[in-house]
Amino acid sequence: MKPVWTVEGSHSVEWVFKQLYDKGLVYRGVKVMPYSTACNTPLSNFESNQNYKDVQDPSVIVNFPLIENEQISLIAWTTTPWTLPSNLALCVNPELLYVKVKGEEKQSKLFPGKVLKGKKYKPLFQYFVKLGEKGAFQVVVDNYVKEEEGTGVVHQAPYFGADDYRVCAEYNIIQRDQAPICPVDASGCFTSEVTDFAGQYVKDADKNIIKWLKENGRLINASTFKHNYPFCWRSDTPLIYKAVPSWFVRVEHMVQKLLDNNGKCYWVPEFVREKRFGNWLRDARDWAVSRNRYWGTPIPLWVSDDFEEVVCVGSMAELEELSGVKVTDLHRESIDNLTIPSRCGKGVLRRVTEVFDCWFESGSMPYAQVHYPFENRKEFEDTFPADFIAEGIDQTRGWFYTLLVLSTALFGKPPFKNVIVNGLVLASDGQKMSKRKKNYPDPTLIVQNYGADALRLYLINSPVVRAENLRFKEEGVRDVLKDVFLPWYNAYRFLVQNVQRLQKEEDIQFLYNESTAKQSDNIMDKWIQSFTQSLIQFFKAEMDAYRLYTVVPRLVKFVDMLTNWYVRTNRRRLKGESGTEDCLWALETLFSVLFSMCRLMAPFTPFITEMMYQNLRHLVDPASLEEKDTSSIHYLMLPQVRERLIDKRIERAVSQMQSVIELGRVIRDRKTLPVKYPLKEVVVIHQDPEALKDIQSLQKYILEELNVRQLTLSTDKDKYGIRLRAEPDHMVLGKRLKGAFKAVTASIKELSSEQLEAFQKTGSIVVDGHELHEEDLRLMYTFDQSSGSAAQYEAHSDAQVLVLLDVSPDQSMVDEGVAREVINRIQKLRKKGHLVPSDEITVYYRCQPEGEYLDSVIQAHKDFILATTKAPLLPFPVPKSASTIIEEKTQLKASDLELTIVKGSSAPLAPLNGPACSYVNLTGKADLHSLSGKTLSVTSGSPSLSPAPTTDALLCPYINLMLCNAQPAECQAGEVATLLLANPAGQNALDRSGLLSEAAKVFGLRGRRLRLYLDQDLTQELPADSSVKSLDTKTLFVRVSPTTAEA
């Protein structure tokens, strides 16, 4: 979209206003607004809310005798006595109950307020008594009157209260376009109309008015009242509410059209259209579009001094024509001095001082953004109404409303087709976020600490997208990082690690092509593929319907399904432990799912998906991508649904399996039995034989995840002596039943298993005449003590399946659990040392005291530990030559366990026979320089080397070097090297100093201090007086001394 110059935007706004004026929809009236008497100016609602203070104001109760019987008076309460001289009516609530009293005695039955409607009363003052002929000084009714404060009778001064103005206008006590009854000037002083208090500042006049009321028998009570009151943020003086002349756009006449056009729009959530926004439209009032400011778009009205002649200008060209002056700018400083000659003999017309309410400009946005109708007519007509807009719930009274009003008034149609409404983000205490209160965390720090994606996902997976309010909590953003991004990233990293491992160990280059990838026959591969395609199908349908609030929770749930179910249950396959072909199936499945997921999540979490994609894209066969530009994930289209991969039966079966595993985990948690400790049996009881078949097909995963030896399936819970029992929810039922709670509790405990099974199905049961529901009772499974199962099994269930775990102890299983604890400590230490699975390591351990339980368990389960960690496990001591990566001392089963991880394999190095490096012997007296620029051909077969004598041995003396405790540097690689002690033979012999220098060069360790040893354990250092010649064909072990910083 092209940028909009301010002049162009203002130009279109003035055209919009001109159209409304020509349709007769603009008039001059008054609006009650917060008003600063110190600054002589009205304030916006926003400004008036900036400076509230607790103050003590006068509180008076005044009587208003009825004309029909002056012995009966209505009594009204107010905290603004200065408004009483302008009283024109009294208002009551039509539904509230009122009563007639004399002294402290009730004189009548209760009656609703509507009975008082229309009754006339005696005016307090005589200043505006003539208005009684036009309907003033009567009782009116409205629901804004509440019973929480005052007497239920509210005095009406229509030009000093917004509700007062609205109600009096509805009863025609005042007219919207009449001269206002507002006897208070711009400085807040009474005008000459109020003769008794003329010239007095209204707040100062309060005490004099109270005195007058008392002297004239109209005061019932006078006191003070403490309340929260707005002050001017500039002058820090109390604000008053006062009628200010304003320009209005007529809206009330087109309420039905607004409702009809609203009905043509698709709202998300839908309830906003009919309720919040629909209700606001039904009560729509004429719109005050003018503001008393300097800055803003000037209202294009030129008027005579008496406002009898009005000219509305709709374009710069028209203004030039009427004023005779060239116009290039529509800001106040450029046009306020322009005048238009009067056509009625009233001299010159001058522009009104007001500017547009900013919401009028916002409502004009569709036209102003393209400078319509002065330019881009076709562009505007092709794109209006807008396909989609989005804003906060508060805009039902702001932007949504002004867009609809102007569009309906101008074109008779809605301005948008679809609208998404979000709720408001509040501080954690439920209050609005405030810079003054600083009741929210610094957004910059939130992004720095957790990332922009975590903040985005937290917000779009919250009540805000359902048009509800969110109490923002930093820990919520942290939880998104911890529960969504880290597991998701770990799944991605696990994929990359195993792709690299496949290339390193199997020399297989992984490249994914969706069209040529073979269909896996593994049930978990089929499940995650089906689940992914179902998600894509759901994603497209819901996003087409703009339902963001249903999509994001499913995406977040999918992360859990991928990481905690698919990756977790297929780790061994992905590591290649079940063969190369199965590993490739698992890797292709995981890649396919991650790649689809990144494309789905890209609009919501653009940064992490881009980071993953920049790595994953190198694993995709370029021929399989349809897009021309694949440099960013945001250039790719969303994945298409592959319906042939959707298998609801498999999805249902895995869901059953997940229920069984989750119920089993609950039992383990309840009995404090970590999953590391194996159990004998899990029993699954389900009434549906098909469900049991599904569970049977996934037996392997249930046994592995719950770490049990055997799975038993049954439809007969009686065989295991299982019974249901119920406990009341004391908090819920106690509040509801009160005195009957004790008796009902006793009856609940007597309910039979059969009754509770029926309750499970129906969701309700009657106990002692009280109907109870699911939230009232907690159901628990118990065992019949005579069955013998009570000690052996522990039970847990959901609405469909019942799971029993055999929790009886078994020493061999306890031992295996301890071995798993050791594995867990090793793997955690590995992670702490920033190691990846392909790193070759050796683990050394020591148990103190030796020979105790822990030591014997490790000895008995060495093969089991090795099979899991893929690293040799050896007892202390750690060889001195070993390069230690990380070490740790922990406690386990009352023993101290020391673990040290060292670099490389633990197998002793095989002795080197001959040079460690490849070599070629060159003999003869040929001048090698003569070969410069020539090409030498090397072919396979036996070369001819005569007449020189042949030998397989290196002709020069040499030594082998092995680097023990450091890594090569300076781009060198390898830890084994061969050095020639002389080259050519008999020349350029190395001494000890030269040997150390060359060793440092070959390993890229120049500048480091090296020490040479004759043995791998680094116990026999090469003596300083050793002859270098005597080292021929030997192997020396190189140890790098630590630097000062390392020491």
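**Second largest pocket**

I looked up which elements line the second largest pocket of this predicted model. Each of these gives at least two residues to the lining: α15 (474-506), α17 (548-569), α18 (571-574), α23 (699-706), β27 (708-714), α27 (811-832) and α29 (862-869). I then asked which of them supplies the largest share. It is α15, with 9 residues.

Next I noted the volume, about 2,400 Å³. I found 50 residues in the lining of this pocket. Closest to the centre are Phe494, Arg571, Lys575, Gln827 and Thr868. I also sorted the lining by class: 22 residues are charged, 14 are polar and 14 are nonpolar. By domain, I found at least three lining residues from domain 3 (474-646) and at least three from domain 5 (811-903).

**Domains**

I wanted the whole chain in view, so to speak, and listed its parts. The chain is divided into domain 1 (28-247), domain 2 (255-422), domain 3 (474-646), domain 4 (722-783), domain 5 (811-903) and domain 6 (958-1040). I checked one separation, between domain 1 and domain 6. Their centres, taken over C-alpha atoms, are 103 Å apart.

**The largest cavity**

How many cavities of 30 Å³ or more are there? I count 1. The largest cavity holds about 40 Å³ of space. I wrote down its lining: Leu84, Pro85, Asn87, Leu124, Phe125, Tyr127, Phe128 and Phe137. By class, that lining has 7 nonpolar residues, 1 polar residue and no charged ones.

**A sheet of 4 strands**

I turned to an open sheet with antiparallel pairing. Its 4 strands run in the order β2-β1-β13-β15. Which strands stand at the edges? They are β2 (41-42) and β15 (287-288). Each has a single partner strand, so one side of each is left without a neighbour in the sheet.

I reminded myself that strands of a sheet pair through backbone hydrogen bonds, either parallel or antiparallel. Here I followed β1 (residues 26-36) and β13 (residues 240-249), which pair in the antiparallel sense over 10 bridges. I picked out one residue, Tyr27, and looked for its bridge partner in β13. That partner is Phe248.

**Cis peptide bonds**

I noted a cis bond from Phe384 to Pro385, with omega near 0°. Pro385 sits in the loop between α11 (377-383) and β22 (386-392). I noted another cis bond, joining Gln848 and Pro849, with omega about 0°. Pro849 is in the loop between β34 (841-848) and α28 (853-860).

**Positive phi**

I looked at Asn172 and read a positive phi of about 60°, although this residue is not a glycine. Where does Asn172 lie? It lies in the loop between α3 (162-170) and α4 (202-215). Its relative accessible area is 46%, so I logged Asn172 as partly exposed.

Thr672 was my next entry, with phi near 50°, again a positive value in a residue other than glycine. I placed Thr672 in the loop between α21 (648-670) and β26 (679-685). Is Thr672 buried or exposed? At 65% relative accessibility, Thr672 counts as exposed.

Notes: Residues numbered from 1 in each chain as written. Predicted model: local features only at pLDDT ≥ 70, side-chain atom pairs only at ≥ 80, totals over all residues. Heavy atoms only, no water. Buried < 20%, exposed > 50% of the residue type's maximum accessible area, 1.4 Å probe, protein only. 1 Å grid on protein atoms, 1.4 Å probe; cavity = no way out; pocket = protein on both sides within 12 Å on 5 of 7 lines; lining within 4 Å. Points joined across faces, edges and corners; volume = space filled by probe spheres on them. Nonpolar A, V, L, I, M, F, W, Y, C, P; charged D, E, K, R; others polar. Domains from an automatic or database assignment. Pairing = 2+ DSSP bridges.
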